[in-house]
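Reader: I would like to go through this entry term by term. Please set each value against its cut-off before drawing a conclusion.

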Amino acid sequence: MDPRTVRALIGTPRHPELVLRREYRATSGELRDACTSLPRLARWFGSVEGAPSGAGAEFRVDLGGDGTATGRIRRCDDDGLEVSWVHGEEPESILSAEWRDTGAGRAELTLRHRLASEERVAPSGRGWDDALAALNRSLTGGEAVAEGAGAWGLIGARPLEVTRTVDAEPERVWAAIATAEGLRTWWWRHWSDVTIEADVRVGGRYRIDAPGAAIAVEGRYLVVEPPQRLAFGWRWIDADGSSVDEAVDIMLSAAGRGTLVTVRHTGPWEDDAPAESYRQGWDFTLGELAAVLAGARARNP
C-alpha cells in the first residue's frame, strides 16, 4: 500500500464515509489553488464548468472515462471546500477537502466523502486514491501511482460492530471516552503502567500506551460530535508491527436511563480473524467502561 495515504472507513452501512489523508511537497495555498482553480483542476481531476470558488455556485466536471459529476458549492474558504456531489446516476452525497501546512515545505490534504450507499465504498475509494495520486503528479511531476487503491474492497468487506448498554447518560459516557481523564479511569485499567494522551478535536492525536504489555494504539480524530459520535483512525502497535487503514466510529444514543454504545471498527482484513480478535477486545473493553460507570452511578445515584 502507498504509505503516504492514510485511509479510513467510518459511518454506518446506510451512510458510509470515506476519509483519505495524504501529505504533499507543497504549501496549503498550493493545495487550495489545485482544488479551486479551473485550469489547475483540469490538470489532475477533470474539466470543470462553473465557479468552484464561489459558495452557492453550481458546477459540472468531465471526469473523462469515469463520466461526469455535478454539484453545488456549500463552503469555500482558505482552509477547505465542501460541495454536494452527484456522480452519474448515483444519489447525492457530500464531499469535503481540507488542507493545512505541516512544516518543512509540506502540506496535508484530508478528503472526506459522505456516501449515500455502501455499494459505492470500493469504487469511490479507488477513484479518490487515483485522484490524490494524480494530484501528486500535478504538484511534483512525479508518478501518479495509487498502490493502495485495492485496499478499499477489503476495508468495506468485514466491518465489525459491537454494542453495549451502559448504565449512565450519554453525557457521562462521552466524558469517559472523549477526554484523557475519562479514558484513564477504564481503558486497560488492569495494567498499572498505561499512559494516555488525547487531544480530542478533529485532526487532534491520541495515543494509549501499555509498555509492560508492549502494545499501543494511536491515531487522529476524524469526527467529534458531543455527546453522540466520536470517530478516529486506529493504528494498533505490537511486537509484530502496526496495522494500517483501520478506523473506529463510536456512536452513543439514549436508552432509558442509560446509553447504547455502538462501536464500528473497519480495516483491510483479508479474513475474519482480525475482526474476531477485535470483537473479543471490544467486548472486554466496553465491559470495563460499563463497570466503571455503573460503579460511579451506584456511589452517586
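Reader: Where is the place of Trp 188?

Author: Trp 188 sits in the loop between helix H6 (180–184) and strand S10 (195–198). Helices here are DSSP runs of H or I with at least four residues, strands are runs of E with at least two, and both are numbered from the N terminus. This is a predicted model, in which local features need pLDDT of at least 70 and side-chain atom pairs count only at pLDDT 80 or more, while totals for chains, interfaces and linings use all residues. Residues are numbered from 1 along each chain as its sequence is written, and side-chain values use heavy atoms, with hydrogens and water left out.

Reader: Why is Trp 188 called buried?

Author: Buried means under 20% relative accessible area, exposed means over 50%, and partly exposed is in between (1.4 Å probe, protein chains only). Trp 188 has a relative accessible area of 9%, so it counts as buried.

Reader: What makes the phi of Trp 188 worth listing?

Author: Its sign: phi of Trp 188 is positive, about 50°, although the residue is not a glycine. Most residues other than glycine have a negative phi. Ala 104 is also listed, with a positive phi near 55°. Ala 104 lies in the loop between S7 and strand S8 (106–114). At 82% relative accessibility, Ala 104 is on the exposed side of the cut-off, therefore it counts as exposed.

Reader: What makes the bond between Pro 226 and Pro 227 a cis peptide bond?

Author: The omega value goes with that name: the bond joining Pro 226 and Pro 227 is cis, with omega about -10°. Most peptide bonds are trans. Pro 227 belongs to the loop between S12 and S13.

Reader: Which residues does Gln 228 touch, and why is Gln 228 called partly exposed?

Author: Gln 228 is in the loop between strand S12 (215–225) and strand S13 (229–238). Contact means heavy atoms within 4.5 Å. Not counting residues up to four places away in sequence, Gln 228 touches Trp 174, Ile 250, Met 251 and Leu 252. Its relative accessibility is 43%, which falls between the two cut-offs, so Gln 228 counts as partly exposed.

Reader: Why is Gly 88 called partly exposed?

Author: The value for Gly 88 is 45%, again between the cut-offs, so partly exposed is the term that applies. Gly 88 is placed in the loop between strand S6 (80–87) and strand S7 (93–103). Gly 88 and Ala 69 are 19 residues apart in sequence, and their C-alpha atoms are 5.9 Å apart in space.

Reader: How do you know that Leu 31 is buried, and what is it in contact with?

Author: Leu 31, in helix H1 (residues 28–36), has 0% relative accessibility, so it counts as buried. With neighbours within four places in sequence left aside, Leu 31 is in contact with Tyr 24, Trp 99, Ala 107, Glu 108, Leu 109, Leu 135 and Leu 139. Of these, Glu 108 is 77 residues from Leu 31 along the chain, with 8.4 Å between the C-alpha atoms.

Reader: Why is Thr 285 called buried?

Author: Thr 285 is found in helix H7 (residues 273–299). Its relative accessible area is 8%, under the cut-off, so Thr 285 is buried. Leaving aside neighbours within four places in sequence, Thr 285 is in contact with Trp 186 and Trp 187.

Reader: Why do Cys 35 and Cys 76 not form a bond?

Author: A disulfide is taken as a pair of cysteine sulfur atoms within 2.5 Å. The closest cysteine sulfur to that of Cys 35 is in Cys 76, 9.5 Å away, so the distance is too far for a bond. By this rule the count of disulfides is zero. Cys 35 is buried at 7% relative accessible area, and Cys 76 counts as buried at 18%.

Reader: Why is the chain called as compact as a globular protein?

Author: The chain has seven helices and 16 strands. Its radius of gyration is 21 Å, close to the 19 Å that the globule rule gives for 301 residues, so the chain is as compact as a globular protein of that length. The radius is taken over C-alpha atoms, and the rule is 2.2 Å times the number of residues to the power 0.38. Of the 301 residues, 50% count as buried.
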